[in-house]
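Colleague: I should like a close look at one part of this model, namely its largest nonpolar core. Please set that part within the chain as a whole, and then turn to the loops around it.

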Amino acid sequence: MSDQITTLTDGTFDEHVKASDLPVLVDFWAEWCGPCKMIVPILEEIASEQEGKLLVAKVNIDENLDITRRFEVMSIPTLMLFKDGEAQARIVGARGKAQLLQEIAEFI
């Protein structure tokens, strides 16, 4: 996984997301999820190309049940975009790069 994608946990989620001056795109995923693995290269590209404008982070739902329940993540992959610590957008299911960027463009 790219070093430009931050791994968040129940213990680090709030400090990273709420303290960020940049919008944060959080990928809720699991090791066993095929579509989750398919979007990893897309998220790595976005993290690289949007450096300085957007942070990309991941939360493993199997290891971080508190944060998964808090945001009522029922299907994966679920991508949530946070700005100023508040959830602004939720995208459920895998997307291509162009469609994903289009859906989050207004927040970047």
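Modeller: The secondary structure of the protein chain consists of 4 helices and 5 strands, and from the N terminus on these elements follow the order β-α-β-α-β-α-β-β-α. The model is a predicted one. Along the principal axes, the C-alpha atoms fill a box of roughly 30 × 30 × 25 Å. The radius of gyration of the protein chain is 12 Å, which agrees with the value near 13 Å that a compact globule of 108 residues would have. Of the 108 residues, 44% are buried. When contacts between residues at least 6 apart in sequence are considered, 69% of them join residues at least 24 apart.

Within this chain, the largest nonpolar core has 19 residues. The residues with the most contacts inside this core are Phe13, Val26, Phe28, Phe71 and Ile76. Two or more residues each are given to the core by helix H1 (13–19), strand E2 (24–29), strand E3 (55–60) and strand E4 (78–83). The greatest contribution is that of E2, with 4 residues. Apart from this core lies another one, of 16 residues, including Ile5, Leu43, Ile104 and Phe107.

Phe28 offers a detailed view of the surroundings. With its neighbours within four places in sequence left aside, Phe28 is in contact with Phe13, Phe71 and Ile76, three residues that, like Phe28, are among those with the most contacts inside the largest core. The contacts of Phe28 also include Val59, Ile61, Ile67, Thr68 and Val73, as well as Pro77, Thr78 and Met80.

Two of these contact partners, Ile76 and Pro77, are joined by a cis peptide bond, with omega at about 0°. Pro77 has its place in the loop between helix H3 (65–70) and E4. That loop also holds Glu72, a residue other than glycine whose phi is positive, near 50°. Both features depart from the usual pattern, because most residues other than glycine have a negative phi and most peptide bonds are trans. Glu72 counts as exposed because its relative accessibility is 55%, and exposed requires a value over 50%.

A further positive phi occurs at Asp84, about 55° although the residue is not a glycine. Asp84 is found in the loop between E4 and strand E5 (86–92). With a relative accessible area of 64%, Asp84 is exposed.

Gly11 belongs to another loop, the one between strand E1 (5–8) and H1. Gly11 likewise counts as exposed, at 61% relative accessibility. Its C-alpha atom is separated by 9.0 Å from that of Ile67, although the two residues are 56 residues apart along the chain. Ile67 is itself one of the contact partners of Phe28.

As for the surface, the accessible area of the protein chain comes to about 5800 Å², and 49% of it belongs to carbon and sulfur atoms. The chain carries 10 positive and 19 negative charges, and the mean positions of the two sets are 4 Å apart.

Notes: Residues are numbered from 1 along each chain as its sequence is written. This is a predicted model: local features need pLDDT of at least 70, side-chain atom pairs count only at pLDDT 80 or more; totals for chains, interfaces and linings use all residues. Side-chain values use heavy atoms; hydrogens and water are left out. A nonpolar core is a set of buried Ala, Val, Leu, Ile, Met, Phe, Trp, Tyr and Cys residues joined through side-chain atoms within 4.5 Å. Buried means under 20% relative accessible area, exposed over 50%, partly exposed in between (1.4 Å probe, protein chains only). Contact means heavy atoms within 4.5 Å. The radius of gyration is taken over C-alpha atoms; the globule rule is 2.2 Å times the number of residues to the power 0.38. Accessible areas come from the Shrake-Rupley method with a 1.4 Å probe; for residues, only the protein chains shown count as cover. Lys and Arg count as positive and Asp and Glu as negative; His and the chain ends are not counted. The place of a charge is taken as NZ of Lys, CZ of Arg, CG of Asp or CD of Glu.
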